[in-house]
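Trainee: I'd like to learn how to read a structure like this one. Could we go through it together?

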Number of protein chains: 2
Amino acid sequence: MQTKIYLDEESLPKTWYNIQADLPSPLDPPLHPGTGKPAGPEDFAPIFPMELIGQEMSQQRTIPIPEEVRDILRIWRPSPLIRAHRLEKFLKTPAKIYYKWEGVSPAGSHKPNTAVPQAYYNMKEGIERISTETGAGQWGSALAFATNLFDLECTVYMVSSSYYHKPYRKSMMQVWGAECIPSPSPRTASGRAILEKDPNTSGSLGIAISEAVEDAATHANTHYSLGSVLNHVCLHQTIMGLEAREQLAMEELYPDYVIGSVGGGSNFAGISFPFAGDILTGKKKDTEIIGVEPAACPTLTRGLYEYDYGDVAGLTPMLKMYTLGHDFIPPALHAGGLRYHGDSPIVSRLVHDGIITPRSYLQNEVFEAAITFARTEGMIIAPEAAHAVKGAIDVALECRKTGEEKTILFCNSGHGHFDMTAYDAYHTGGIIDYDCPDDLIKESLANLPKQRG
Amino acid sequence: MQTKIYLDEESLPKTWYNIQADLPSPLDPPLHPGTGKPAGPEDFAPIFPMELIGQEMSQQRTIPIPEEVRDILRIWRPSPLIRAHRLEKFLKTPAKIYYKWEGVSPAGSHKPNTAVPQAYYNMKEGIERISTETGAGQWGSALAFATNLFDLECTVYMVSSSYYHKPYRKSMMQVWGAECIPSPSPRTASGRAILEKDPNTSGSLGIAISEAVEDAATHANTHYSLGSVLNHVCLHQTIMGLEAREQLAMEELYPDYVIGSVGGGSNFAGISFPFAGDILTGKKKDTEIIGVEPAACPTLTRGLYEYDYGDVAGLTPMLKMYTLGHDFIPPALHAGGLRYHGDSPIVSRLVHDGIITPRSYLQNEVFEAAITFARTEGMIIAPEAAHAVKGAIDVALECRKTGEEKTILFCNSGHGHFDMTAYDAYHTGGIIDYDCPDDLIKESLANLPKQRG
């Protein structure tokens with residue numbers, strides 16, 4: 001009874017898949033926040049290397065993965081595809097459940113898949129330092145891992161409350177030689193402004209973004225880096241779906257369901273775009289692609305498909321995406337990586353076009369799924385990844401009702417070794433089921449930017 | 001440039017290797033602590049299942065791995081063998097460095113390799129509950145993972161100071177459904193006696209062992225389980241060395257050096273016994289097998305090869321082993337898993353016979369090696385495993401001097417995701433280099449048991 005499906009290293013994909021080439025019409029362009037006109041490469045050049053800007057806008061179907069990047073990815077890639085035999089048995093489902101296991105990366109999630117090429121292209125352009133923001137620390141630690149391997153300096157602005165309450169991802173960044181600063185910090189004008197008003201603030205992702213962008217814009221040889229949402233990030237993550245498609249083919253299977261959790265959209269894009277592309281190009285038609293999000297931050301299920309800013313302050317370009325409004329503030333969630341008001345423009349477009357179906361779940365049912373997974377399959381996974389598990393379990397239970405032997409693929413995006421306090425909270429009944437009230441969403445959606453392309 | 005060498009699941013070993021069959025003469029037997037006479041199966045039957053007692057004393061060269069056990073091991077085994085290309089380059093060594101990566105197991109270390117068969121044999125014998133002790137929690141979490149899969153209850157007595165200061169491994173045990181109790185506890189007579197004397201005691205591994213054994217001895221359908229030292233534990237761990245030997249053979253290599261860290265000896269036994277067996281049976285002769293221990297607890301490098309108790313109180317059978325004396329109390333070490341006064345009787349015998357060479361290192365040089373490893377190979381590893389890395393680095397540097405293209409294999413026994421406070425201490429200069437004073441060793445060795453077989 002085969003459990004793990006490995007690809008050999010020669011089969012590590014040599015190209016990423018750019019789904020923009022297969023969209024029936026081009027994406028709506030990003031708009032400059034000041035002028036409301038389409039933003040061009042020159043608008044992004046101060047903070048991103050040209051190679052990434054090119055990928056952001058490319059219409060080329062496949063984009064080569066540089067050998068130096070493949071060399072590093074080989075530390076843990078191709079990642080295993082694992083058949084969840086024990087979970088199937090527990091659910092008494094005729095469905096076959098496979099998961100792509102990204103917890104084997106050094107940083108413990110899918111994030112290094114894009115951190116490594118981003119660091120690489122910056123190094124190639126002569127950049128010596130990268131700044132970024134991080135919430136709970138998944139992205140910051142992935143970028144610290146990647147920049148270290150290319151001898152780049154790395155400064156991570158970490159939301160102050162996480163910096164002090166979840167110190168271990170900060171420790172990881174230090175092991176890899178990065179500088180991790182609690183945000184807001186006296187290091188930037190935006191940080192100082194906030195600290196002057198409230199010296200005891202616990203910070204927010206919005207503030208940390210402002211600090212990281214300001215740092216990059218005001219220092220020589222420094223660029224900024226983003227871990228989700230943007231097209232080039234989704235592009236780099238397609239390596240997961242490309243590997244998984246090949247691994248399933250080795251079992252003579254093709255998934256009936258592809259499931260991932262959605263925050264900014266990058267892990268979901270990564271697992272699903274190759275399969276969405278098969279639908280767009282007419283190669284397949286019956287696969288259901290499901291994006292799972294928290295009910296507390298229901299961007300795809302209850303947001304609008306409109307132009308909006310990426311940040312709270314409205315300083316970033318406007319993107320056409322599903323959004324809850326840029327000043328929507330989701331409640332504190334254990335799945336901190338899924339707390340974003342917007343979503344990847346490509347994921348949003350595919351939801352709008354009916355290629356992707358979104359679902360949302362409450363926190364306790366998600367943790368229940370995580371415990372079921374740990375007790376059947378062994379792995380203790382991140383709360384973000386547990387959303388995908390919950391989606392897969394529900395589909396498998398639907399298959400039990402219908403008796404259909406479907407193939408389910410989901411992305412298990414990372415381990416939960418730095419999330420044990422969340423599991424403790426679940427065990428002591430301390431997890432709140434927060435379903436977002438309609439009024440709150442209406443209120444923030446009333447503040448969408450007026451210039452909408 | 002191949003990085004990971006995978007074995008397919010069909011090549012997962014079907015038998016463990018029992019090195020007792022190849023020793024030039026049988027091991028000295030365990031002695032009953034009361035009578036000083038050799039202990040027989042009946043002495044162990046109240047706390048261990050007969051299958052494990054049989055394995056403890058078996059002279060059969062290969063022992064079949066039950067299919068139900070292989071089925072579970074397949075969740076993460078065969079584990080990858082990884083070529084440390086970047087570490088080699090950093091060290092400018094002509095040596096090839098390979099590591100067996102055990103951090104991919106659900107509990108994050110090599111411990112489940114024996115926890116799974118131990119739980120299985122207990123289940124087969126009708127046992128419904130297992131008790132054990134744990135220090136920092138590696139073993140307790142591995143046993144919790146394993147007992148859950150066979151529907152056994154599990155009670156873990158965790159040293160009180162760790163329970164409160166390192167709570168996350170306790171959380172893992174709870175995720176897998178085990179009961180984790182700070183030791184000393186009011187649950188046992190031995191715990192109550194200690195608490196009466198000192199209600200604020202922080203506990204010790206010796207006390208926790210007493211509580212776990214008492215629990216097993218005084219409850220129906222309950223057995224006790226041990227995570228290291230004993231022959232059957234070393235036997236189960238040989239799956240690592242057997243896989244590694246086959247993986248290296250796929251590269252047409254055989255190791256010139258086999259290196260592991262040594263606490264109770266189980267991970268070291270696991271990686272090295274198949275190669276030690278090749279020496280004992282005359283198949284190979286030039287391989288150097290190196291056991292690395294902390295200078296603060298230098299059992300193999302500075303202890304005596306004598307009969308001694310396994311525990312502080314002198315309640316366990318006496319084993320012929322290298323020992324620092326059963327009342328030797330090593331200082332607090334970040335590599336908590338290597339803090340044991342004794343060592344596996346088989347490992348001890350092989351050191352005594354000159355098949356294994358021990359080395360010891362101070363804490364700071366070990367952490368320096370761990371940082372070097374993280375910054376070249378990516379993985380953040382446990383302080384215990386870092387001892388093996390330090391050994392491998394030193395051998396690789398010797399190869400640089402001699403210019404010899406040797407093959408080095410070491411066991412990377414687990415990740416360091418629950419050890420980040422230790423890395424923080426290293427970064428802030430807070431790690432103490434404690435080299436054990438001669439007087440202290442002399443003093444505790446003066447208290448070896450009088451009955452010595």
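Trainee: Let me start with a single residue: is B:Glu243 buried or exposed?

Mentor: This is a predicted model, so keep that in mind throughout. To answer that kind of question, look at the relative accessible area, where under 20% counts as buried. B:Glu243 has a relative accessible area of 0%, so it is buried.

Trainee: Which residue does the side chain of B:Glu243 meet in a salt bridge?

Mentor: For a salt bridge, you look for a nitrogen of Lys or Arg and a carboxyl oxygen of Asp or Glu within 4 Å. Here the partner of B:Glu243 is B:Arg77, at 2.9 Å from N to O. The two sit 166 residues apart, with B:Glu243 in helix α11 (residues 231-250) of chain B and B:Arg77 in the loop between α3 and β4 (81-83), so the pair links distant parts of the chain. B:Arg77 is buried as well, at 0% relative accessibility.

Trainee: Which other pair should I look at, and where do its partners lie?

Mentor: Try B:Asp215 and B:Arg129, whose side chains meet in a salt bridge at 2.7 Å, N to O. B:Asp215 belongs to helix α10 (residues 205-218) and B:Arg129 to strand β6 (residues 129-134) of chain B, 86 residues apart. B:Asp215 is buried at 1% relative accessible area, and B:Arg129 counts as buried at 11%.

Trainee: Is B:Asp438 buried or exposed?

Mentor: B:Asp438 is exposed, with 52% relative accessibility. It forms a salt bridge with B:Arg302, and the closest N and O atoms are 2.9 Å apart. B:Asp438 lies in helix α18 (residues 438-445) and B:Arg302 in helix α13 (residues 299-302) of chain B, so the bridge ties together parts that are 136 residues apart in sequence. B:Arg302 is partly exposed, at 28%.

Trainee: How many salt bridges does the structure hold over all chains?

Mentor: There are 40 over all chains. Some share partners: A:Lys4, B:Glu9, B:Asp71 and B:Arg74 are joined that way into one network.

Trainee: That list has both chain letters in it. How many salt bridges are found across the interface of chain B and chain A?

Mentor: The rule finds two across that interface. B:Lys4 makes a salt bridge with A:Glu9, with the closest N and O atoms 3.2 Å apart. Polar contacts are worth counting too: 25 residue pairs are in polar contact between chain B and chain A, both residues being at pLDDT 80 or more.

Trainee: Which helices of chain B supply residues to the side that touches chain A?

Mentor: Those giving at least two residues each include α3 (67-73), α6 (138-149) and α8 (167-175), along with α15 (363-377) and α17 (420-427). The residues on that side of chain B divide into 22 nonpolar, 12 polar and 10 charged.

Trainee: And how do I read the extent of an interface?

Mentor: Count the residues in contact, then look at the area buried. Here 44 residues of chain B are in contact with 44 residues of chain A. The buried area is about 4,100 Å², and carbon and sulfur atoms give 55% of that.

Trainee: Now for a whole chain. What would the radius of gyration of a compact globule be for chain A?

Mentor: For 453 residues it would be near 22 Å, and chain A has 21 Å, which agrees. Its C-alpha trace spans about 60 × 50 × 45 Å along the principal axes. Chain A has 18 helices and 15 strands, and buried residues make up 66% of its 453 residues. Look at contacts as well: of those with a separation of 6 or more in chain A, 77% join residues 24 or more positions apart.

Trainee: Let's finish with one residue of that chain. Where is A:His326?

Mentor: A:His326 is in the loop between β13 (318-323) and α14 (345-352) of chain A. It is buried, at 9% relative accessible area. Its side chain makes a polar contact with the side chain of A:Asp308, at 2.7 Å. Beyond its neighbours within four places in sequence, A:His326 is in contact with several residues, among them A:Tyr309, A:His341 and A:Asn447.

Definitions and conventions
Residues numbered from 1 in each chain as written. Chains lettered and ligands numbered in written order. Predicted model: local features only at pLDDT ≥ 70, side-chain atom pairs only at ≥ 80, totals over all residues. Heavy atoms only, no water. Contact = heavy atoms within 4.5 Å. Buried area = accessible area lost by both parts, 1.4 Å probe. Polar contact = N/O pair within 3.5 Å; in protein donor to acceptor, adjacent residues only side chain to side chain. Helix = DSSP H or I, 4+ residues; strand = E, 2+ residues; numbered from the N terminus. Nonpolar A, V, L, I, M, F, W, Y, C, P; charged D, E, K, R; others polar. Rg over C-alpha atoms; globule rule 2.2 N^0.38 Å. Buried < 20%, exposed > 50% of the residue type's maximum accessible area, 1.4 Å probe, protein only.
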